[in-house]
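Reader: I have a new structure on my screen and would like to learn how to read it. Could you walk me through it, one feature at a time?

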Amino acid sequence: MDRVQLVLLGLPILLFCSDVVTLFAPQPPAAPKPHRHPQPASGAFQPGDSSPYAADSAQEAQVDGPGSGTTVELKFCASCSYKGNAMTMKRMLDTSFPGIHVVLENYPPPFPKRALGKMVPFVQVGAIATLMAGDQIFPRFGMVPPPWYYSLRANRFGTMASVWMFGNFAQSLLQSSGAFEVYCNGQLVFSKLSEQRFPSEFELRELIGNRLSESQIGKNLEKELVLDDEVESTHAHLSVST
């Protein structure tokens with residue numbers, strides 16, 4: 001076996017082993033989230049400030065944002081160039097619901113499609129190797145080169161370019177999921193796979209707002225009402241004392 005045959009045999013084996021390792025390797029651990037220390041707002045209570053109004057401001061500063069404690073997951077198809085849409089939706093949610101935690105994540109295709117996508121490069125390399133050394137490959141298997149082989153070999157470079165181009169197209173198609181799924185606290189609120197369309201910003205804001213109204217917003221509004229009552233009571237007590 002000469003060097004050309006060794007290269008043609010070793011390259012597909014090397015690519016196959018590399019793709020198998022990549023396919024079954026565990027996912028890398030997620031990066032730790034940075035801890036954000038909130039900056040004191042202007043007029044907030046500072047140590048050493050003994051005025052009653054400063055204490056009221058400190059109580060108001062402790063009220064959480066309307067989106068605090070809520071996690072929204074935007075799972076999208078990264079190979080479909082949906083990241084721009086996901087970033088737009090993330091900025092909209094951060095602006096509409098301060099304190100909300102938005103996570104961007106790739107939505108992979110099903111395992112059969114991923115496995116087929118990993119096999120495409122081997123088919124490409126095998127087809128090109130057959131075009132280059134078919135006269136030696138077919139006899140080793142006790143076969144006579146078929147007529148279509150000579151037809152393809154007559155235009156060798158055009159056939160190789162076509163195999164590479166269609167192979168890359170098939171691999172891109174198999175690696176895409178076409179998904180844009182939105183989850184709020186683990187519950188699916190919108191699915192592009194089901195609706196066959198993207199959500200509008202107004203629609204997504206309304207869907208997330210409805211979820212928040214059932215949980216955190218109601219609690220925060222109740223908190224604000226309680227604090228307002230306490231502030232009014234404090235002011236009334238100070239007025240009576242003076």
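Author: Gladly! Let us begin with one pair of residues: Cys184 stands opposite Gln187 in strand 4. Please keep in mind that this is a predicted model.

Reader: In which sense do strand 3 and strand 4 pair, and over how many bridges?

Author: First, the general idea. Strands of a sheet pair through backbone hydrogen bonds, and they do so either parallel or antiparallel. Here, strand 3, which covers residues 180–184, pairs with strand 4 in the antiparallel sense, over four bridges.

Reader: Is Cys184 buried or exposed?

Author: Cys184 is buried, because its relative accessibility is 2% and the cut-off for buried is under 20%. This cysteine also has a partner on strand 1: Val72 is bridged to Cys184 in strand 3. Strand 1 and strand 3 pair over five bridges, in the antiparallel sense.

Reader: Which way do strand 1 and strand 2 run, and how many bridges join them?

Author: Strand 1, residues 71–76, runs parallel to strand 2, and six bridges join the two. You can follow the pairing on your screen: Thr71 stands opposite His101 in strand 2, and Glu73 has Val103 of strand 2 as its bridge partner.

Reader: In what order do the four strands form the sheet?

Author: The order is 2-1-3-4, in an open sheet with mixed pairing. Strand 2 (101–106) and strand 4 (187–191) are at the edges; each has a single partner strand, so one side of each is left without a neighbour in the sheet. On average, neighbouring strands of this sheet are turned by 20° against each other, direction ignored.

Reader: What do strand 1, helix 3 and strand 2 make together?

Author: With helix 3 (residues 83–96), strand 1 and strand 2 make a β-α-β unit, and this unit is right-handed. Look also at the loop between helix 3 and strand 2, where Phe97 lies. Phe97 counts as buried, because its relative accessibility is 7%. Phe97 and Arg205 are 108 residues apart in sequence, yet their C-alpha atoms are 8.9 Å apart in space.

Reader: Now the cysteines. How many disulfides does the count come to?

Author: A disulfide is a covalent bond between the sulfur atoms of two cysteines. The count here comes to one disulfide. Cys77 and Cys80 form it, with their sulfur atoms 2.3 Å apart. The link of Cys77 and Cys80 is right-handed, with 65° about the S-S bond.

Reader: Why does Cys77 count as buried, and why does Cys80 count as partly exposed?

Author: Cys77 has a relative accessible area of 1%, so it is buried. Cys80 counts as partly exposed because its relative accessibility is 22%, and partly exposed begins where the buried range of under 20% ends.

Reader: Let us turn to helix 4. How far apart are its end C-alpha atoms?

Author: They are only 35 Å apart, although helix 4 (residues 111–140) has 30 residues; a straight helix at 1.5 Å a residue would reach 44 Å. Helix 4 also has a kink of about 100°, centred on Ala133. Just after helix 4, Gly142 takes a positive phi of about 70°.

Reader: Which residues of helix 4 are buried?

Author: Here is the general idea. An α-helix has 3.6 residues a turn, so residues three or four places apart point the same way. In helix 4 the buried residues include Gly117, Val120, Pro121, Gln124, Val125, Ile128 and Leu131. Ala133, the centre of the kink, is also one of the buried residues.

Reader: What about Ala129, which lies in helix 4: is this residue buried or exposed?

Author: Ala129 is buried, because its relative accessible area is 9%. Ala129 and Met160 are 31 residues apart in sequence and 9.6 Å apart in space, C-alpha to C-alpha.

Reader: Finally, how many helices and strands does the protein chain come to?

Author: The secondary structure comes to nine helices and four strands. Reading from the N terminus on, the elements run α-α-β-α-β-α-α-α-β-β-α-α-α. Of the 242 residues in the protein chain, 27% are buried.

Key. Residues are numbered from 1 along each chain as its sequence is written. This is a predicted model: local features need pLDDT of at least 70, side-chain atom pairs count only at pLDDT 80 or more; totals for chains, interfaces and linings use all residues. Side-chain values use heavy atoms; hydrogens and water are left out. A disulfide is a pair of cysteine sulfur atoms within 2.5 Å. Buried means under 20% relative accessible area, exposed over 50%, partly exposed in between (1.4 Å probe, protein chains only). The expected span of a helix is 1.5 Å times one less than its number of residues. The bend at a residue is the angle between axes fitted to the seven residues ending there and the seven starting there. Two strands pair if DSSP finds at least two bridges between them. Axes are lines fitted to C-alpha atoms, for helices over the stretch in contact, and angles run from 0 to 180 degrees between N-to-C directions. A crossover is right-handed if, with the strands pointing away from the viewer, the path from the first strand over the helix to the second runs clockwise.
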